[in-house]
There are 2 protein chains.
Amino acid sequence: MQIKYFVLMADSKPVFSLDGDPMAAEALLRDVFGIVVDEVIRKGTSASEKVCEWKEPEELKQLLDLELRSQGEASEQILARCREVIRYSVKTCHPHFFNQLFSGLDPHALAGRIVTESLNTSQYTYEIAPVFVLMEEEVLKKLRALVGWSSGDGVFCPGGSISNMYAVNLARYQRYPDCKQRGLRALPPLALFTSKECHYSIKKGAAFLGLGTDSVRVVKTDERGKMIPEDLERLISLAEAEGAVPFLVSATSGTTVLGAFDPLEAIADVCQRHGLWLHVDAAWGGSVLLSQTHRHLLDGIQRADSVAWNPHKLLTAGLQCSALLLRDTSNLLKRCHGSQASYLFQQDKFYDVALDTGDKVVQCGRRVDCLKLWLMWKAQGGQGLERRVNQAFALAWYLVEELKKREGFELVMEPEFVNVCFWFVPPSLRGKKESPDYGERLSKVAPVLKERMVKEGSMMIGYQPHGTRGNFFRMVVANPALTRADMDFLLDELERLGQDL
Amino acid sequence: MQIKYFVLMADSKPVFSLDGDPMAAEALLRDVFGIVVDEVIRKGTSASEKVCEWKEPEELKQLLDLELRSQGEASEQILARCREVIRYSVKTCHPHFFNQLFSGLDPHALAGRIVTESLNTSQYTYEIAPVFVLMEEEVLKKLRALVGWSSGDGVFCPGGSISNMYAVNLARYQRYPDCKQRGLRALPPLALFTSKECHYSIKKGAAFLGLGTDSVRVVKTDERGKMIPEDLERLISLAEAEGAVPFLVSATSGTTVLGAFDPLEAIADVCQRHGLWLHVDAAWGGSVLLSQTHRHLLDGIQRADSVAWNPHKLLTAGLQCSALLLRDTSNLLKRCHGSQASYLFQQDKFYDVALDTGDKVVQCGRRVDCLKLWLMWKAQGGQGLERRVNQAFALAWYLVEELKKREGFELVMEPEFVNVCFWFVPPSLRGKKESPDYGERLSKVAPVLKERMVKEGSMMIGYQPHGTRGNFFRMVVANPALTRADMDFLLDELERLGQDL
């Protein structure tokens, strides 16, 4: 009886959206694309429009009518919803969005993302992702070549935090392959090392991987935010004396706040001496490798065992594009992560199953993250991308020079990358540095200015406290569309917003 | 000197792609979108076109010219590349793509993905993702309501494997909060339980999380592939007798191959008795909760502590859309994963910082995965989505009935979900079941047919061995555009491809 009921049901028309009308589906998508062009690509990138249309959460909830109901809505309504979603979203492509380590909009990368979304496949087998399996390998090979490796392995991960976790997991597996089966309780206590300026994902990763945050030994940095190799040495000895087994150092190339580059050669020497895995978290700074002028900042990176590099940051590839690169040629990734699921990685396929790269990862389905970068690279060429990196440095230095000319701006330090950290000192605090509450009062300036700029929608720039320093702004020059005029705007706007403080 | 050089460089025009010409950028994107409409949305979904254009890897490498060079390429060349990428990619939206647990193309979901990609933001703070922070919460609330919870927590993860890992990590943290800081070595040996039909991500996750695959105790299943609660009881006692601490059971709602649903009520009883965290991996079967007719398959799911559910599978939301849902209301996610990075989660913001959900996850940047599902839901309504689920069941049952009418098809078992597992028995093997090499010869049929269908591009369907059974096909009815004609095609095509075997 039940079966009969089902079969009768199957007589009905396919329930393809828009009632199975392919013309309507096409029309909807064309309309949505038109909205994207008008509202994001054109208005979103225009300096004369707002970066964001601030609404209080409760008001925004009302405006968006987020509730999901039983009844569907007509196309007109859906288009209106797309417009509203865009209207109240932050325009990260806007020339005055300086808030994160990503910004801007590369049309080729976006084109790659649209093609990726339309093809909607998973990166695990040659069978269903032939183009992308080969393309990922080619893109990773190119990134490895820039690191300085003529061979190796790698994979795109869902973000730098997970790339960093992979490195830690691979390092412990290489030293203790038993770990995969028997777990950490079968191992001695482990210790890994990173600087106090490292990204927070190192500690998060240590917790997630079962090592615990205590296993992360925090190395001191110099006044520029660079790891001090001598302190690394000291902590390694200390860990050993405590009965822990050091196994990995995570150096940072381009720290999150200060943009500092750890001294990789000296750190590699330490790692070599102690037989430690050297991971370089170059999620932010890796793209500097494209610049002949500036790649010296990463000198020594070729001595690493693994590198995390996010082209979605300085190269504008789009979230997310995070490569984990490995010097290993022994199939470590697959040995460490593989489980040989027989329904997916059949061994009796009619092609070389080494092309089924899905068992290299701890995910099953994995998004295609290579096409956007590949297409942008094809369009720009390595030279075009190098020009962008050089331009970002040049604009950062221009900003520094301009900032020094103005009263009321104080650099936290001379930058060596495109993070420009500075205080805006409002009129009422100028010349009051010796006042006992100066630091406290200065620290309250950035949050106020941030609120003002967001509520006006004129600009977005991040701030944070840092060590003993109170809140300061971290300007990030990453959007390749930026010009000197945008740097001038930043300074003018802060002066305007803060003139009454 | 160096600074002067930089400043001079900054005089040059912005290096926005396409030489800073916004009109050219728009034109490129319009052209690419036109290609997507023609080649994917129109041809890719047409039954009269090929599912795939098979090429051997070496030939495909040549055709694609993958190498990344110093010189950039002109727009015409880039457009040609987009056409080639699409041409040689598998059309997962094709009505004869039955190969994975995802397929089809929902225009509203794709619209949501295009808007998402154009806005290119990260889901971590209300500051830069106001719409999506609120929207994610609303979508998760709706999914939780379908599970049967009026409160709780959750987050979208990059795939079901990572959702499952989260559940395991949360369960151990809840029991042993010390684990985050001190790691697994500070804990007694732990044991988790799942069935032999579970997804391979459970073991992968156990290895990654440092527990080791040995910590996963594999519970027997019945002939339908469902976990046997009595065997779960037995293994829990065994683990305890061995000195391990049971802490989690991962039940599966919709197993990967057979589409089996574990008996959640009975398993929940066991968990309750022993005080164990009940996780339900409903990555595949979760969408059945939308159907009043079929949701009884998941009876008891409301007793779970956590649920993984991937709307990118049966609901066609697009890769990836994977929700981890929690019954917890004690902020467990944030306590377990949080690290309070001061540069991102400033506490002196001008809005309620509880809206900064980024510290719930182990990622830093996190893609926006809610919009595609939200927009599709708004368009279809819960009713439209329910019709789809019912239609998929109905078509699966239609296929079963038709298959039984034909010589040469043998069901592995009656399905209870939309996975239809069967052998195609070619003419030369019919009536030879008693022959000693029957099983071995039958097992070689599916790989041959798979090669033939892929090389012709007529269809794609997965196969695998399973336990003591040789290779059989696993038909997945997921694409909402499917009709009875597509089911008939599947059977006709296998007969045609296998007539000489």
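User: Before we look at any pairs, what counts as a salt bridge here, and which residue of chain A forms one with R42(B)?

Analyst: A salt bridge is a side-chain nitrogen of Lys or Arg within 4 Å of a carboxyl oxygen of Asp or Glu. This is a predicted model, and in it the closest N and O atoms of the pair in question are 2.5 Å apart. That distance is within the 4 Å cut-off. The partner of R42(B) is E26(A).

User: Nice, let's widen the view. How many salt bridges are there between chain A and chain B?

Analyst: The two chains share other polar links too, with 72 residue pairs in polar contact. Helix 14 (residues 371–405) of chain A gives the most to the side that touches chain B, with 21 residues. As for salt bridges between chain A and chain B, the count is twelve.

User: And how much area do chain A and chain B bury between them?

Analyst: In terms of contacts, 180 residues of chain A meet 178 residues of chain B. L68(A), F208(A) and F350(A) supply 6% of the area that chain A buries against chain B, more than any other three residues. Of the area buried between the two chains, 65% is on carbon and sulfur atoms, and the total is about 16100 Å².

User: Let me zoom in on one residue. Why does Q100(A) count as buried or exposed?

Analyst: Q100(A) sits in the loop between strand 1 (97–98) and helix 6 (107–119) of chain A. Leaving out residues up to four places away in sequence, Q100(A) touches R474(A) and V476(A) as well as Y124(B), I128(B) and L344(B). Buried means under 20% relative accessible area. Because its relative accessible area is 5%, Q100(A) is buried.

User: Which side chain of chain B is in polar contact with the side chain of Q100(A)?

Analyst: Within chain A, a polar contact of 2.6 Å joins the side chains of Q100(A) and N99(A). The contact to chain B is given at 2.8 Å, and the partner is Y124(B).

User: One last thing: which residue does the UniProt annotation "modified residue: N6-(pyridoxal phosphate)lysine" cover?

Analyst: The residue lies in the loop between strand 7 (306–309) and strand 8 (322–326) of chain A. Its contacts, apart from neighbours within four places in sequence, are L101(A), F102(A), A283(A) and W284(A). It counts as buried because its relative accessibility is 14%, under the 20% limit. According to the unreviewed UniProt entry, the annotated residue is K313(A).

Methods: Residues are numbered from 1 along each chain as its sequence is written. Chains are lettered from A and ligands numbered from 1 in the order in which they are written. This is a predicted model: local features need pLDDT of at least 70, side-chain atom pairs count only at pLDDT 80 or more; totals for chains, interfaces and linings use all residues. Side-chain values use heavy atoms; hydrogens and water are left out. UniProt positions are given in the numbering used here, feature names are shortened, and annotations may be inferred rather than shown by experiment. Helices (H or I, at least four residues) and strands (E, at least two) are DSSP runs, numbered from the N terminus. Buried means under 20% relative accessible area, exposed over 50%, partly exposed in between (1.4 Å probe, protein chains only). Contact means heavy atoms within 4.5 Å. Buried area is the accessible area (1.4 Å probe) that two parts lose on being put together, summed over both. A polar contact is a pair of N or O atoms within 3.5 Å; within protein, one must be able to donate a hydrogen and the other to accept it, and residues adjacent in sequence count only if both atoms are side-chain atoms.
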